[in-house]
Structures are given as C-alpha cells and as structure tokens.
2 protein chains.
Amino acid sequence: MEFSLFQQKEKPQIEAALVRHLSKEKEFEGTLYQAMHYSLTAGGKRIRPLLLLATIQTLGGELEQGYEAAVALEFIHTYSLIHDDLPAMDNDDLRRGKPTNHVVYGEDLAILAGDGLLTQAFELLAESPVSDKKKIELVLALAKAAGPNGMVAGQVADMEGEGSSLSLTALKAVHEKKTGELLTFAVYAGSVIANAPIEIESFLLQYSTHFGLAFQILDDILDVTGNVDELGKNTGMDAQLNKSTYPALLTLAGAKEALEYEIKAAKKSLAEIEAVFLKKGKSIDTQLLSDMVDLLAVR
Amino acid sequence: MEFSLFQQKEKPQIEAALVRHLSKEKEFEGTLYQAMHYSLTAGGKRIRPLLLLATIQTLGGELEQGYEAAVALEFIHTYSLIHDDLPAMDNDDLRRGKPTNHVVYGEDLAILAGDGLLTQAFELLAESPVSDKKKIELVLALAKAAGPNGMVAGQVADMEGEGSSLSLTALKAVHEKKTGELLTFAVYAGSVIANAPIEIESFLLQYSTHFGLAFQILDDILDVTGNVDELGKNTGMDAQLNKSTYPALLTLAGAKEALEYEIKAAKKSLAEIEAVFLKKGKSIDTQLLSDMVDLLAVR
C-alpha cells in the first residue's frame, strides 16, 4: 500500500481519536481541557501515530487495536512539545504556525496541560483492546521510551549540550533519546499489537532507529534551510542557541549525505524483513514503511 | 498491629526502595538523576506508600508485592510537589525544610525531573510482582487518580480558586481531586494487591475518602497554626495567596470540628469492614488503618 493513500484514510481517524479520547469523560472540562485540546489539535503531521498504524498494517494486524496506543503516543509527543517550549526550556513562542501553549494559556496551565497529557497516555494504553500481557508490554515500553532514561534524558542532554560542541557520536546519542525513542516505540508498539514474528524484531528495531536518526537530521537541516512559513515554527533556533547539529558538525552537504545514509539503512532493514518472510514461504509488503522513510528525504 | 511499629519497620524499606528503583539503570546518571534524587530523598513522611502497605498488611496480603506500587505512588506525589512549587505555579522556595527543586537545579531541570518521576512511576507499576491483570488495574487507577480528571484537575481548580471565595462543597471537590485521589489510590492499590473481598470495596473507598479530607483539613489548619520550623515549609501561604481553606470558610474552630468529623467517619468505615468480616465468620485487625487516621488529629 502507498503511504499517501494510507495517510488519507488514517490521518482523519487519528485526529478524531485524539479528540474523542481527550474528551470522553464528562467531568473533564474548563481551561485545562482547552489547553490540552489546543496543542493536541494544533495540526501536527502525526508521524508517530501513522508510523505505529503503518507497522500494524504492514504486519497484517488489526488497525482497530492500535488507535489507543497511537493516541497515547501523540499525547506524549504533544506534552513534550508543550514543556520544551516553556520559557524555562527552549522559550519558543511559535509552534505549528500558532502561538505556543504557554503564550495562550500561561505557564502554569501549560505545565499542567503537559502533565495531564503525559498521565492520560498511560490510561489510554491500559484501555487498548488487546490482551493484558500486551497492554503491560506497551506501558513498559512507553514509560521507558519517554522517561528519565529515554526522551526526558535526551531533553536534558540537549539542553546541556547548548553552547558546547558535541562529537558526532554524542550528538547521535542525544538524538536517539530525544526523538528516536518515541519513533522506536511507534514501530515496537505496532509489532506487539500485530504479533510480529520474533525473527524480525531486530530488523524492526534497526528500521526505527535509522528512521529516527533520519528524522532528526532532516529536522536539523530544515532549521537551516527552511523558513518559518513552511515549517510553522521559528527557524535558525539551533544556531541561536548554539546547539550542536548535523549541519554544524558536518556542513550542510555532509548532513544531507548522513541523511541519505540513514534512509538507505532503514530500507535495508525492510529488505531483511522481506527476506525473513520469503524464507518462511510468506510474503510481506513493506512499501508503506518504505514510503514513510522517503518522506524524510530532502526535497 | 500498631502504626508506630509498622512505620518503624516499613519506612526504612520504603526509603531504600525509592532510591533502589530510581537508580537501578546504570546509564541513568548526571544532573537529571540528581534532581530526581534530591526531591525523592528530601525527607517526606511517606504517608501514601505507608497507607498502601498498611492496607495490604491489614488485608493479609504480601507486602513484598506492594513496594513497586508504593514507590510509584511516592514518585507521583514527589513530581507533583516539584511542579507545584515552580515559580509559574505556587512559587515556593522551601519544602521539607530544604530549598525547592528549582531553587537548587533551575526551573528547566525541575520541570524535567518532575516529568521523569511521573513517567517512571508507570514503569514501576508495570514491573510489580503481581499478575498482568492487577498491573493493568494499578496503571489505570493511578493514571486516573493523577491525571487530568484527578490530581492535575485539582491543581488547576486550586489555582483558579485563588483570590475567589469557594463554597464548602466546591472546596471539598478541589481537595478530593488535589490530595484525595492519590490517598484513595493508596488504599485501592493495597486492596487490589491483597485481593480484598468485593463486599468491603465501598467501605475502603469511604475510608480513604474521609482520610483524604481529614488530611487536607489538617494541612489547612497547620498552615494557620504551624510554624516553618515544625513543618519544614513556609506557613501562611494560603492566606497570602488568598486561597479558600477550611479555616477561612469555617473559622479555625469550625475546621477542627470538620476534621474530627472526617476522622470519625473514616473509623466508622473501618467498623463496617470489621462487621463484614465478622458476618463471614472471619476476623480482621484494622488498628493499623485506625492509627493512621489518628495521626491526622490536631495535637
């Protein structure tokens, strides 16, 4: 299946599920709800939930079993953006073409809206229509991916790296935590829900790791070459904060080469998965996951 | 069993478990770890984990199965204190006799330390030595208790109530969310882990609800009558922020009466539990839970 078709079908489902899960409890209203709703519906690309659902689709699982996990993942991503944008953190006032959460609702509500989204994500996972065993695998994996050994550690490392020059290895490690872990969770969650055969686990992990690095390198490149209208967020922020980035370490051309390398490596992992299926006398169509990597190519 | 003996035995276990679970992963070190460790070990009374373990003990369950949940609960409580103390929230610089987290580590790390503790709490629940079914019950209950319909909503209502006079009913509702939900989780989690008979569920809920209200009324009273040396936190803050409190709404004498009422009501719930056991030809010793309510009496 082509990604453009899949996205056309699934993105509206994700948007609807995000709002449905946010507002299902009647007592929950007022400014906190508004602040959470504002950032959740501010128009992201929904790469993470789409990647999760695309993994289920590719492995022949039931998409219906994946929406709670997909929404939980987007809740976590959204909370991280709200907290990252705070004055005490990156102090950003523009996100997805709109004023950031604290600009609209104040810092206090922005902190609490983030806390609320983070906490509710685990409620959603616990309500996924899958077995208790799978629910626990999802809770454990998301907590690890998003927690103080995962995304939160990446955010700390990212902040502490401001103003100092990191080695490429150190930069990669920061990225793997800060953005890579959630993308890896997306693929892992999809594989749990769709009962991926054990022989392809390591290739799925390779795919998501390369996907995550490509994703971050592109983000670094666009911060240099993009403009605020295209991206909906301020550009040149990395240089302003004196952050280590791929273009800063490798030049822009070098960063584009690194991006190409990661894209190829991700596709190689998909080829390995196909080979495993072929050896078992089965077939698998990885075009969807391949198309998603191609989205990360510099246009 | 008397609470003083139980506390003497279990508080050191809880302290050890808190640090053990925080630092079990080797890669996790540096300033984020320090910031999390600082607030976790700043010397709380550990009422919530003790209440959870006391419930297990009372119901004849295995304490060994409760430490992860007890630690998770204290992680959540600690994160909420760190975020509540932030300049954008209550702007408090003293907590448990020590400078608050952001005073020591900066606002950025304080926000992230809170996020880290909140997230890791769910990892701990998922690793509890209980069945998958029970793990999911714990995850669901903690996410609901701490989330945007629970504690986070209470915090928002508390902030929004500053400067305006709430009715007693509204004040009770704020307290039930802000502090009551986590105390209710403590008793609920204990009852799940210890396989409480279904007939006492409603009485356990009553007990924890009255316990939570008594807890908050005492907190309000001490903010008026206590001093900073005894409490380890600034007093008179409620009046300064013009918050609705029990003493403000009912006078100090009226607040003390309300406290007495909640303490009695909590004990009545324990008597109901004993009656249920008696009717089944069994016995139960509720002294531990009764002693814990007595701790909340004005001395």
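**Reasoning from values to terms in a predicted two-chain model**

Q: Where in chain A is G30(A) found?
A: In this predicted model, G30(A) sits in the loop that joins α1 (3-22) to α2 (31-40) of chain A.

Q: Why is G30(A) called partly exposed?
A: The relative accessibility of G30(A) is 34%. Buried requires under 20% and exposed over 50%, so a value of 34% places G30(A) in the class in between.

Q: How far apart are G30(A) and A214(A), in sequence and in space?
A: The two residues are separated by 184 residues in sequence, and their C-alpha atoms are 39 Å apart.

Q: What makes V104(B) partly exposed, and in which element does V104(B) lie?
A: V104(B) belongs to helix α5 (residues 101-126) of chain B. Its relative accessible area is 41%, which is neither under 20% nor over 50%, and therefore the label is partly exposed.

Q: Which residues does V104(B) touch, if those up to four places away in sequence are not counted?
A: V104(B) touches Y38(B) and P99(B), with heavy atoms within 4.5 Å. By comparison of C-alpha positions, V104(B) and V130(B) are separated by 38 Å, although they are 26 residues apart along the chain.

Q: What makes the pair R95(A) and D85(A) a salt bridge?
A: The N to O distance between the side chains of R95(A) and D85(A) is 2.9 Å. The limit is 4 Å between a side-chain nitrogen of Lys or Arg and a carboxyl oxygen of Asp or Glu, so the pair qualifies. Side chains of opposite charge can pair when their charged atoms come close.

Q: Why can the pair R95(A) and D85(A) be said to tie parts of chain A together?
A: R95(A) lies in strand β1 (residues 94-95) and D85(A) in helix α4 (residues 67-85), so the salt bridge ties together parts that are 10 residues apart in sequence. D85(A) has a relative accessible area of 4%, and because this is under 20%, D85(A) is buried.

Q: How do you know that D158(A) and K178(A) form a salt bridge, and which elements does the pair tie together?
A: Their side chains meet at 3.0 Å, N to O, a distance within the 4 Å limit. D158(A) is in helix α7 (residues 151-161) and K178(A) in helix α8 (residues 168-193) of chain A, so the pair ties together parts 20 residues apart in sequence. Both D158(A) and K178(A) are buried.

Q: Why do E10(B) and K9(B) receive separate accessibility labels?
A: E10(B), at 1% relative accessibility, counts as buried because the value is under 20%. K9(B), at 41%, falls between the cut-offs and is therefore partly exposed. The two residues form a salt bridge, with the closest N and O atoms 2.7 Å apart.

Q: How many salt bridges are counted over all chains, and which residues of chain A are linked in a network?
A: The count over all chains comes to 22 salt bridges. K11(A), E15(A), R46(A), E74(A) and R96(A) are linked in a network of such pairs.

Q: What makes the backbone of R96(A) and R46(B) notable?
A: R96(A) has a positive phi of about 50° although it is not a glycine; R96(A) is placed in the loop between β1 and β2 (98-99) of chain A. R46(B), also not a glycine, has phi near 60° and is found in the loop between α2 (31-40) and α3 (47-58) of chain B. The relative accessible area of R46(B) is 2%, under the 20% cut-off, so R46(B) is buried.

Q: How do you know how the two copies are related?
A: A turn of 180° with a shift of 0.0 Å along the axis lays chain A on chain B with an RMSD of 0.0 Å. The two copies are thus related as by a two-fold rotation axis. D132(A) is the residue of chain A closest to that axis, at 2.9 Å (C-alpha).

Q: Why can the copies be said to meet through the same surface?
A: Of the interface residues of chain A, 100% are also interface residues in chain B, so the same surface is used. T119(A), in helix α5 (residues 101-126) of chain A, is in contact with L118(B), F122(B), A143(B), A146(B) and G147(B), leaving aside neighbours within four places in sequence. With a relative accessible area of 0%, T119(A) is buried.

Key
Residues are numbered from 1 along each chain as its sequence is written. Chains are lettered from A and ligands numbered from 1 in the order in which they are written. This is a predicted model: local features need pLDDT of at least 70, side-chain atom pairs count only at pLDDT 80 or more; totals for chains, interfaces and linings use all residues. Side-chain values use heavy atoms; hydrogens and water are left out. Helices (H or I, at least four residues) and strands (E, at least two) are DSSP runs, numbered from the N terminus. Buried means under 20% relative accessible area, exposed over 50%, partly exposed in between (1.4 Å probe, protein chains only). Copies are superposed by least squares on the C-alpha atoms of residues with pLDDT of at least 70 in both.
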